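Please read this note beside the model, and look up each residue as it comes up. The points are numbered so that they can be discussed one at a time.

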Amino acid sequence: MIELAPAQKRRQAERLTEAAPVLAAAYGQALGRWLGDPVLRLVGRPIITECYRSAERQNELYRQGRSMPGPIVTYKRGGESNHNLGPPTPALDVAFQLADGSVSWSALLLSKFARLMKYADARVVWGGDWPSFRDRPHFELLSAQKGGPGRE
């Protein structure tokens with residue numbers, strides 16, 4: 001099993017406290033099921049990469065792929081994203097720490113984790129299910145969608 005360093009464990013715990021309690025509980029249940037599976041826990045460990053996001057951070061991400069290098073990762077400006085609500089926030093992003101220490105946003109791993117998240121709580125919406133701009137790392141609570149799903 002892939003173990004997190006103490007500082008990584010602390011940061012994961014901090015990020016989880018930023019999430020709405022229902023979302024945090026769903027993540028905790030999905031994580032437990034993932035780590036309890038002997039095959040899944042060997043391929044990578046789910047980690048929260050972002051939860052609450054300030055308007056400034058949201059604007060920084062919005063500039064990516066536009067006025068800054070990199071691919072477009074969001075279509076929402078500061079104040080428009082569900083990540084900007086709270087804390088606690090109704091949105092979180094997930095990636096996977098691999099055995100070599102690298103981080104992966106594998107569509108396959110995210111789709112497997114999404115099944116566990118949606119099984120944990122039917123109110124969890126996965127960005128990979130959106131009809132346009134599939135935001136696979138993104139999970140949010142259905143009741144929190146102020147701007148509607150998609151293009152986070």
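The points below go through a predicted model, beginning with one helix and moving on to the core, the aromatic rings and some loop residues.

1. The helix α5 is a good place to begin, and its length can be checked against expectation. It has 14 residues and reaches 20 Å from its first C-alpha to its last, which is close to the 20 Å expected at 1.5 Å a residue. At the N-terminal end of α5, Ser-106 acts as a cap, with a side-chain oxygen lying 3.3 Å from the backbone nitrogen of Leu-108.

2. Which residues of α5 are buried? They are Leu-109, Leu-110, Ser-111, Phe-113, Ala-114, Leu-116, Met-117 and Ala-120. The partners against which these buried residues of α5 pack are α2 (21-36), α3 (40-43), β1 (45-50), β2 (91-97), β4 and β5 (138-141), so please look for both helices and strands around α5 when you turn the model.

3. Just after this helix comes Asp-121, which is found in the loop between α5 (107-120) and β4 (124-126). Is Asp-121 buried or exposed? Its relative accessibility is 13%, and because buried means under 20%, Asp-121 counts as buried. When residues up to four places away in sequence are not counted, Asp-121 touches Val-22 and Ala-26.

4. The largest nonpolar core has 27 residues, and the members that touch the most other members are Tyr-27, Trp-34, Leu-92, Phe-113, Met-117 and Phe-139. Two or more residues of this core come from each of α2, β2, α5, β4 and β5, and α2 gives the most, with eight residues.

5. Leu-92, which is one of those core members, deserves a separate look. Leaving aside neighbours within four places in sequence, Leu-92 is in contact with Ala-19, Leu-23, Tyr-27, Ile-48, Glu-50, Cys-51, His-83, Pro-137, His-138 and Phe-139.

6. Not every residue of α2 is buried, as Ala-25 shows: this residue is found in helix α2, and at 49% relative accessibility it counts as partly exposed. Ala-25 and Met-117 are 92 residues apart in sequence, yet their C-alpha atoms are 9.6 Å apart in space.

7. How many aromatic pairs does the structure hold? There are six aromatic pairs, and one of them joins Tyr-27 and Phe-113 in an edge-to-face arrangement, at 5.7 Å centre to centre with 65 degrees between the planes. Since Tyr-27 lies in helix α2 and Phe-113 in helix α5, the pair ties together parts that are 86 residues apart in sequence. Both Tyr-27 and Phe-113 are buried.

8. A second pair is formed by Tyr-75 and Phe-133, whose ring centres are 4.9 Å apart and whose planes stand at 80 degrees, so that this pair is edge-to-face. Tyr-75 lies in the loop between α4 (55-63) and β2, and Phe-133 in the loop between β4 and β5, so the pair ties together parts that are 58 residues apart in sequence. Tyr-75 is partly exposed, with a relative accessible area of 34%, and Phe-133 is partly exposed, with a relative accessible area of 22%. The backbone of Phe-133 should also be checked, as it has a positive phi of about 25 degrees although Phe-133 is not a glycine.

9. Two further remarks concern the rings. Ring pairs link Tyr-27, Trp-34, Phe-96, Phe-113 and Phe-139 into a cluster. Arg-66 lies over the face of Tyr-62, at 3.8 Å from the ring centre, and Arg-66 also lies over the face of Tyr-75, at 5.4 Å from the ring centre.

10. Gly-44 lies in the loop between α3 and β1, and with a relative accessible area of 0% it is buried. Leaving aside neighbours within four places in sequence, Gly-44 is in contact with Ile-2, Trp-34, Phe-96, Gln-97 and Leu-98. Gly-44 and Ile-2 are 42 residues apart in sequence, while their C-alpha atoms are 6.8 Å apart in space.

11. Which form does the peptide bond from Gly-86 to Pro-87 take, cis or trans? This bond is cis, with omega near 5 degrees, and a cis peptide bond also joins Pro-87 and Pro-88, where omega is about 0 degrees. Pro-87 has its place in the loop between α4 and β2, and Pro-88 lies in the loop between α4 and β2 as well.

Methods
Residues numbered from 1 in each chain as written. Predicted model: local features only at pLDDT ≥ 70, side-chain atom pairs only at ≥ 80, totals over all residues. Heavy atoms only, no water. Helix = DSSP H or I, 4+ residues; strand = E, 2+ residues; numbered from the N terminus. Buried < 20%, exposed > 50% of the residue type's maximum accessible area, 1.4 Å probe, protein only. Contact = heavy atoms within 4.5 Å. Expected span 1.5 Å × (residues − 1). Polar contact = N/O pair within 3.5 Å; in protein donor to acceptor, adjacent residues only side chain to side chain. Core = buried A, V, L, I, M, F, W, Y, C linked by side-chain atoms within 4.5 Å. Phe/Tyr/Trp six-rings, centres within 6.5 Å; stacked < 30°, edge-to-face > 60°. Lys NZ or Arg CZ within 6 Å of the ring centre and 35° of its normal.
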